[in-house]
Amino acid sequence: HRGGTYLGGGTLEINSDAQLGDTLDPAASFLAVQGGTLRLTGNWPSARAIHIGTLTLNTQANSATLSGPITGGGGSFFKIGSGTLTITGAPGATVTA
């Protein structure tokens, strides 16, 4: 699909970034999460813009590398699962968990 993806609750399971929508237009291919769980069934390298209200990222045994801009506030971001999460999209910071 084209445009952004909104997750407002429940669990969304993906095996690639392409399942969150077309990535050809970076301004329109965002992920906005206001609650819920994103469960990975494959590795997830992503440069898309992500806005986080509250998110649980379940990596399971997969890796996630988020290199796009990440915004949000007032909520929580939890990472569960044995996979690795690397965030390079925050200005001046690189985080690996």
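The exercises below, each with a worked solution, concern a predicted model of a protein.

**Exercise 1.** Determine how many helices and strands the protein has, and state the order of its elements.

*Solution.* Begin with the count: the protein has zero helices and 12 strands. Next, read the elements from the N terminus on; they run β-β-β-β-β-β-β-β-β-β-β-β.

**Exercise 2.** Describe the sheet that contains β7: which strands form it, in what order, and with what pairing?

*Solution.* First, identify the members: β2, β4, β7 and β10 are the four strands of an open sheet. Second, arrange them; the order is β2-β4-β7-β10, and the pairing is parallel. Third, locate the edges, which are β2 (11–14) and β10 (77–80), each pairing on one side only. Finally, consider the twist, which averages 20° from one strand to the next.

**Exercise 3.** Examine the pairing of β7 with β10, and find the bridge partner of Asn 58.

*Solution.* Strand β7 covers residues 55–58. Four bridges join β7 to β10, and the two strands run parallel. Within β10, Ile 80 is the bridge partner of Asn 58.

**Exercise 4.** Characterise the protein as a whole by its burial, its contacts and its exposed surface.

*Solution.* Start with burial, for which the cut-off is under 20% relative accessible area. By this criterion, 36% of the 97 residues of the protein count as buried. Turn next to contacts between residues at least 6 apart in sequence: 26% of these join residues at least 24 apart. Lastly, take the surface: the protein exposes about 5000 Å², of which carbon and sulfur atoms supply 54%.

Methods
Residues numbered from 1 in each chain as written. Predicted model: local features only at pLDDT ≥ 70, side-chain atom pairs only at ≥ 80, totals over all residues. Heavy atoms only, no water. Pairing = 2+ DSSP bridges. Axes fitted to C-alpha atoms, helices over the stretch in contact; angles between N-to-C directions. Buried < 20%, exposed > 50% of the residue type's maximum accessible area, 1.4 Å probe, protein only. Contact = heavy atoms within 4.5 Å. Areas by Shrake-Rupley, 256 points an atom, 1.4 Å probe, with all protein chains shown as cover.
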